[in-house]
Amino acid sequence: MTQAMLKGSNIPLEATAIRAVLRWTPGTGVPDVDASALLLGTDDRVRSDEDFVFYNQPHHPSGLVRHLPKKPVQDALTDTIEAEFSGLGPEVRRVVLAASADGGTFGQVRDLSLLLYDASSDAPDSTDAEPIAIFAVLPETGKEAALICGELYRRGDGWKFRALGQGYESGLVGLATEYGISVEDGEDEDAPDDGSAAAEPEAAAGPEPAPPAAAPSAPPAAPGAPPAPSAEAPTQAHSPAYGYPHAATPDPWDPHRTQPMRPPAAQGDSGYAYVPPQAPPLPPQAPAYPQPPAQPPGQPAYGYPPQQPAYGYPQPPAYGYPQQVQPTGPVPPPPPPVPAQVPDPHFVLPPQGPQFQNR
């Protein structure tokens, strides 16, 4: 009777040899799966690299653990590991059954399971016999590239099987390294030891760029001749003024010092003469204040007849004097005469000073 295994469960094994068959459903985008076995000692590590049985090392030196070729079964594909317990020495405490995904992860593998068959000499062929146990291997994250499907371990004088399903994202290399397998990089083995590999990256970088060609030097001047002018006329910003060099910084007192200066050959001396800067023309600006309106024309000068006023308006005075305006209406009556003032007979003068009073 086949026993369905759960992760972490174990069963005793009565058979003296076991055939562990790894089965999955192939298809488009499904990576290939490889079965392998590691023989571990009492320290849970391999004794040497020969204790690692896989497709590149299909037989253990003892011949008791071996890797069989892959074989299709109906719509599935299988990879098999066989192990004989009777001949294994006491130094071998466990046989780890592992699987690795070639070119992908186990999240892409469908219907992965491990089946255990009795591989004793008197047992029927596994293709017709019923498996002892079956364990559906499920990855935890789907990113694992290697899985420990289960392990065969000693218990007293017998052997047992435990279902595990522990994953490694580092693949078969990470799994083998954890159990003491020395994994060598093929690129390091093929690399030469004379240091030529280190020189290749430098050669691939290409030759160094050539330094820029130096400018041709001018021929020496004749004695007493003025120096030849430079190709570019110096400007006030980087030429000496009044015979003294100054830094190429703007002058806060003259921000327009960008006029070119004459070369020394045009002046007949070895220095540079200061050329006063020319301010650019200012653009026309609108007046800050509104202009007063135009004044009316004044009075004509003396000797010129005045302009005739428009109809219905009085004529301005001639020659600066006001003109007598003749009345055109009726003459008003004269005002009444003012009556003569009659002295008051009862009027008495006020008293006079003592010098005028009779004593």
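Leaving aside neighbours within four places in sequence, with which residues is L152 in contact? In this predicted model, L152 is in contact with L13, A83, F85, R93, R94, V95, L97, W159, K160 and F161 once those neighbours are set aside. Two of these partners, L97 and F161, stand together with L152 as the residues with the most contacts inside the largest nonpolar core. That core comprises 39 residues. Another core lies apart from it and has 15 residues, including L38, L40, V96 and I181.

The protein chain as a whole contains 3 helices and 12 strands. Of its 359 residues, 28% are buried. Among contacts with a separation of 6 or more, 63% are between residues 24 or more positions apart. The exposed area of the protein chain is about 25900 Å², of which carbon and sulfur atoms supply 57%.

Helix α1 spans residues 171-178. Its residues G171, L172, G174, L175 and A176 are buried. The cover over the buried residues of α1 includes the strands β4 (32-40), β5 (52-53), β8 (94-102), β11 (146-155) and β12 (158-168). After α1 comes G180, which has a positive phi, near 95 degrees.

A search for enclosed space found 1 cavity of 30 Å³ or more in the structure. The volume of the largest cavity is about 60 Å³. Its lining consists of A20, V21, L22, A35, S36, D79, I81, L97, A98, A99, L114 and C149. Two or more lining residues come from each of β3 (17-25), β4, β7 (76-84) and β8. By class, 10 of the lining residues are nonpolar, 1 is polar and 1 is charged. L97 thus appears in two settings: L97 lines the largest cavity, and L97 is among the residues with the most contacts inside the largest nonpolar core. Strands β4 and β8 likewise recur, as elements of the cavity lining and as part of what covers the buried residues of α1.

A further site concerns G142, in the loop between β10 (133-136) and β11. G142 counts as buried because its relative accessible area is 17%, whereas the cut-off for burial is under 20%. Neighbours within four places in sequence aside, G142 is in contact with T105, F106 and G107. The C-alpha atoms of G142 and E169 are separated by 9.1 Å, and these two residues are 27 residues apart along the chain.

Key:
Residues numbered from 1 in each chain as written. Predicted model: local features only at pLDDT ≥ 70, side-chain atom pairs only at ≥ 80, totals over all residues. Heavy atoms only, no water. Helix = DSSP H or I, 4+ residues; strand = E, 2+ residues; numbered from the N terminus. Buried < 20%, exposed > 50% of the residue type's maximum accessible area, 1.4 Å probe, protein only. Contact = heavy atoms within 4.5 Å. Areas by Shrake-Rupley, 256 points an atom, 1.4 Å probe, with all protein chains shown as cover. Core = buried A, V, L, I, M, F, W, Y, C linked by side-chain atoms within 4.5 Å. 1 Å grid on protein atoms, 1.4 Å probe; cavity = no way out; pocket = protein on both sides within 12 Å on 5 of 7 lines; lining within 4 Å. Points joined across faces, edges and corners; volume = space filled by probe spheres on them. Nonpolar A, V, L, I, M, F, W, Y, C, P; charged D, E, K, R; others polar.
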